[in-house]
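Subject: Structure handover

Hello,

Here is the structure for your files. My notes on what was found follow below.

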Amino acid sequence: MGNCKTLKKEHIPLVKRMMEVGKAVLQRNNFSDLNDVRMGFHWPPFCSISHLHLHVLAPASQLGFLSRLFYRINSYWFITEIKSLLSLHGGQFSGEQEIRVNSPFWILSIPSEEMARGLMKRTVCAKSIFELWGHGRSAGELYASLKNYPVDKMLPYLQSDSTYKIHIHTFNKTLTQAQKIKKIDALEFLPFKGKVNLKKPEHIFWILEDYGMDPNNVPEEPFHLYFGRWIADGQRELIESYSVKKRHFIGNTSMDACLSFIMANHGRVKPDDVVYDPFVGTGGLLISSAHFGAYVCGTDIDYNTIHGLGKATRKNQKWRGPDENIRANLRQYGLEKYYLDALVSDSSRPIWRKGMLFDAVITDPPYGIREATRRTGAQKETDKTAERSTENHIFVSSSYHLSDIFFDLLKFAAEYLVMGGRLVYWLPIYRPEYTEEIIPRHPCLKLISNCEQMLSSHTSRRLITMEKVKEFKDQDQNSYLLDGQYMPYRGHNSFREKYFSGVTKRIAKEEKDNQK
């Protein structure tokens with residue numbers, strides 16, 4: 001059987017059986033809290049397998065970022081992205097916004113339709129935006145709200161020479177066609193004078209109904225109902241069109257396309273900006289910034305990666321091809337004109353002239369898991385290793401403590417960002433030790449947002465966004481991290497050891513259980 005688009009009414013018993021099997025598998029694996037489960041299908045084109053398959057996610061309260069995004073368990077990422085994009089367009093995120101974290105529908109106060117369209121041209125977290133004409137907790141409340149909406153605001157879209165259609169979207173429930181028609185007919189009190197055109201209407205209106213987040217306990221009536229005029233869709237299609245799976249040049253740590261665009265939006269990247277990545281790798285973060293019209297550049301200590309040499313990352317490919325490099329990636333998407341260059345350089349020893357050069361620094365530093373943390377060092381330094389590339393290029397590298405990576409990164413951003421420029425980077429976290437106080441700070445940088453992506457039960461990484469609010473002075477040259485910010489990352493393999501400690505414990509537990 002194909003994907004979920006092929007499902008029909010006669011397939012209801014099949015889907016119920018799939019859900020029963022999913023619950024049985026969970027119970028066999030000693031998972032008993034069936035209220036903390038999320039089940040569902042991926043809607044094309046976001047399908048990993050061509051045949052019908054049900055996703056069973058548990059515990060739902062501990063879903064990782066991408067799962068949370070697809071199943072909308074937690075929407076804080078959306079808040080921070082919208083805040084950044086509002087500020088980019090000259091607006092502000094007011095305290096009057098009606099935010100329901102466990103709901104897919106939010107009510108935002110945006111100054112103009114032009115600004116709303118501008119937001120949707122950038123966001124990858126939001127699906128659509130509407131001009132809200134009415135809402136309520138019941139059909140009666142919705143109709144009363146619509147009757148109180150100013151008629152003069154409705155009339156421009158209801159003229160006799162215009163065309164329109166009405167859509168119905170229900171979250172967590174499916175309605176029959178007869179039920180949908182009944183709900184549309186109930187809106188006959190609205191002064192529609194135009195003609196219905198289902199193919200190419202001038203105006204599209206939506207009825208949105210929220211039946212909650214629990215697929216195992218769907219109410220008869222919705223918790224909230226909304227009616228509004230469609231304005232624009234978000235940029236969710238970018239996730240597929242820029243997918244790493246289709247990219248020409250990738251590495252072990254190439255950033256997911258969705259996260260790359262979120263980072264560019266957090267950095268408020270705009271046309272003609274200059275964006276820099278000091279740990280550029282295969283250039284995934286440069287691509288999202290270039291898509292928004294920024295000129296991009298980067299550096300990396302790995303000579304082979306910068307020059308596209310050495311072993312390939314893809315399965316069934318031993319060596320990289322002659323045209324596998326960062327420039328080829330941007331050329332693939334028609335963005336080569338925004339590519340300045342990528343240089344072999346040590347981020348701990350900046351090569352740039354003094355002055356404010358960059359509008360944004362967007363990067364994903366190595367954590368010591370899949371990529372080593374290294375910097376150049378003298379032969380006399382400890383832990384040194386000599387490395388030779390395929391071009392007979394030899395350099396000596398030494399360990400680079402994570403605490404030093406973050407100190408150097410914040411110092412670099414404070415010195416080389418323009419005023420109001422943003423630093424966006426990932427901070428690895430050992431969750432048992434995490435407090436807000438361990439987030440690295442600098443007197444020239446203000447913390448804007450802090451979003452978590454789960455990696456495992458005991459580790460995560462946080463997307464940190466900071467903004468330059470003070471000019472860099474000589475006295476800021478040695479603004480070291482506080483002890484509380486330094487200690488969790490002290491040592492070459494500090495996070496690596498904590499990351500794998502959980503894996504080791506889990507393997508030991510499984511072996512012990514198997515012996516029983």
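In which sense do strand 4 and strand 5 pair, and over how many bridges? Strand 4 (residues 163–171) and strand 5 are parallel, with 2 bridges between them. Two strands count as paired if DSSP finds at least two bridges between them; strands (E, at least two residues) and helices (H or I, at least four) are DSSP runs, numbered from the N terminus.

First, the basis. This is a predicted model, in which local features need pLDDT of at least 70 and side-chain atom pairs count only at pLDDT 80 or more, while totals for chains, interfaces and linings use all residues. Residues are numbered from 1 along each chain as its sequence is written, and side-chain values use heavy atoms, with hydrogens and water left out.

Strands 4 and 5 belong to an open sheet of 5 strands, ordered 3-7-6-4-5, with mixed pairing. Strand 3 (128–136) and strand 5 (195–196) are at the edges with a single partner strand each, so one side of each has no neighbour in the sheet. Opposite Val196 in strand 5 stands Tyr164.

Two helices lie across this part of the model. Helix 4 (residues 113–120) crosses strand 3 and strand 7 (224–233), at about 80° to strand 7. Helix 7 (residues 177–185) lies across strand 4 and strand 6 (203–210), at about 125° to strand 4. Axes are lines fitted to C-alpha atoms, for helices over the stretch in contact, with angles from 0 to 180 degrees between N-to-C directions; contact means heavy atoms within 4.5 Å.

Strand 11 (residues 358–363) has 5 of its 6 residues buried (under 20% relative accessible area, 1.4 Å probe, protein chains only), so the strand is largely enclosed by the rest of the structure. Strand 11 runs parallel to strand 8 (residues 274–277), joined by 2 bridges, and Tyr276 has Val361 as its bridge partner. With strand 15 (residues 417–430), strand 11 pairs in the parallel sense over 5 bridges; there Thr363 stands opposite Tyr425.

Tyr276 also appears at the largest cavity, where Tyr276, Pro278, Ser347, Pro350 and Phe412 are the closest to the centre among 15 lining residues. A cavity is a set of points on a 1 Å grid over the protein atoms alone where a 1.4 Å probe fits but cannot get out, and lining residues have an atom within 4 Å of a point. Helix 13 (residues 402–416) gives the largest share of the lining, 4 residues.

Regards

Definitions and conventions:
On a 1 Å grid over the protein atoms alone, a cavity is a set of points where a 1.4 Å probe fits but cannot get out, and a pocket is an open set with protein on both sides within 12 Å along at least five of seven lines; lining residues have an atom within 4 Å of a point. Buried means under 20% relative accessible area, exposed over 50%, partly exposed in between (1.4 Å probe, protein chains only).
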